[in-house]
Amino acid sequence: MVTVKYNKNCDLCGLPVEIDGFSLEASQDTKSFCCAGCLSIYQLIYTNNPLTENKDQTNNNNEDI
Ligand SMILES: [Zn+2]
């Protein structure tokens, strides 16, 4: 049998975590990720940051001729 070193899986994509260090301390437990991309995506999804100022609302319907 092959001995598997890693015993954790990425909390985002499910791939085995081979590199230690891409982890995020949540309120309940520590999440582990396989890469920095999964870590940042997880942060984007699960952390509610009020930095959502990318709304492009142009409600200028004043077309008076
Ligand atoms: Zn991943």
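Student: Leaving aside its neighbours within four places in sequence, which residues is C10 in contact with?

Tutor: Happy to start there, and please keep in mind that this is a predicted model. C10 sits in the segment before β1 (23-25), while C34 belongs to the loop between β2 (30-32) and α1 (36-46), 24 residues away. Even so, C34 is among the contacts of C10. With neighbours within four places set aside, C10 touches L15, V17, S32, F33, C34 and C38.

Student: What pattern does the protein follow along the sequence?

Tutor: Start with the inventory, which is one helix and two strands. Strand β1 covers 23-25, strand β2 covers 30-32 and helix α1 covers 36-46. Reading along the sequence gives the pattern β-β-α.

Student: Which atoms are the protein donors of the zinc ion?

Tutor: Look for protein atoms lying 2.3 to 2.4 Å from the zinc ion. Along the chain, the donors follow the spacing C-x2-C-x20-C-x3-C. They are the SG atoms of C10, C13, C34 and C38.

Student: What is the arrangement of the four donor atoms around the zinc ion?

Tutor: The angles to check are those that the four donor atoms subtend, and they run from 103 to 114 degrees. Four donors count as tetrahedral if all angles lie between 85 and 135 degrees. The angles here fit that range, so the arrangement is tetrahedral.

Student: Is C13 buried or partly exposed?

Tutor: It helps to go through the zinc donors one by one. C10 is buried at 5% relative accessible area, C38 is buried at 9%, and C34 is buried at 18%. Buried means under 20%, and exposed means over 50%. C13 has a relative accessible area of 43%, which lies between those limits, so C13 is partly exposed.

Student: How many disulfides does the count come to?

Tutor: A disulfide is a covalent bond between the sulfur atoms of two cysteines. To be counted, a pair of cysteine sulfur atoms must lie within 2.5 Å. By this rule the count is zero.

Student: Which residues make up the largest nonpolar core?

Tutor: In soluble globular proteins, nonpolar side chains tend to be buried together. In this protein, the largest nonpolar core has eight residues, and α1 supplies the largest share, three residues. The zinc donors C10, C34 and C38 are among the core members. The full set is C10, V17, L24, F33, C34, C38, L39 and Y42.

Student: Which residue meets D20 in a salt bridge?

Tutor: Side chains of opposite charge can pair when their charged atoms come close. Here the N to O distance is 3.4 Å, and the side chain that meets D20 is that of K8. Both residues lie in the segment before β1, so the pair ties together parts that are twelve residues apart in sequence. D20 is exposed at 65% relative accessibility, and its partner, partly exposed at 35%, is K8.

Student: A search of the whole structure finds two salt bridges, so where is D29 placed, and what does D29 form a salt bridge with?

Tutor: The closest N and O atoms of this pair are 3.8 Å apart. D29 is partly exposed, with a relative accessible area of 39%, whereas its partner counts as buried at 17% relative accessibility. That partner is K31.

Notes. Residues numbered from 1 in each chain as written. Predicted model: local features only at pLDDT ≥ 70, side-chain atom pairs only at ≥ 80, totals over all residues. Heavy atoms only, no water. Donors = N, O, S within 2.8 Å, 3.2 Å for Na, K, Ca; no water. Tetrahedral: all angles 85-135°; square planar, octahedral: opposite > 155°, others 65-115°. Helix = DSSP H or I, 4+ residues; strand = E, 2+ residues; numbered from the N terminus. Buried < 20%, exposed > 50% of the residue type's maximum accessible area, 1.4 Å probe, protein only. Salt bridge = Lys/Arg side-chain N within 4 Å of Asp/Glu carboxyl O. Core = buried A, V, L, I, M, F, W, Y, C linked by side-chain atoms within 4.5 Å. Contact = heavy atoms within 4.5 Å.
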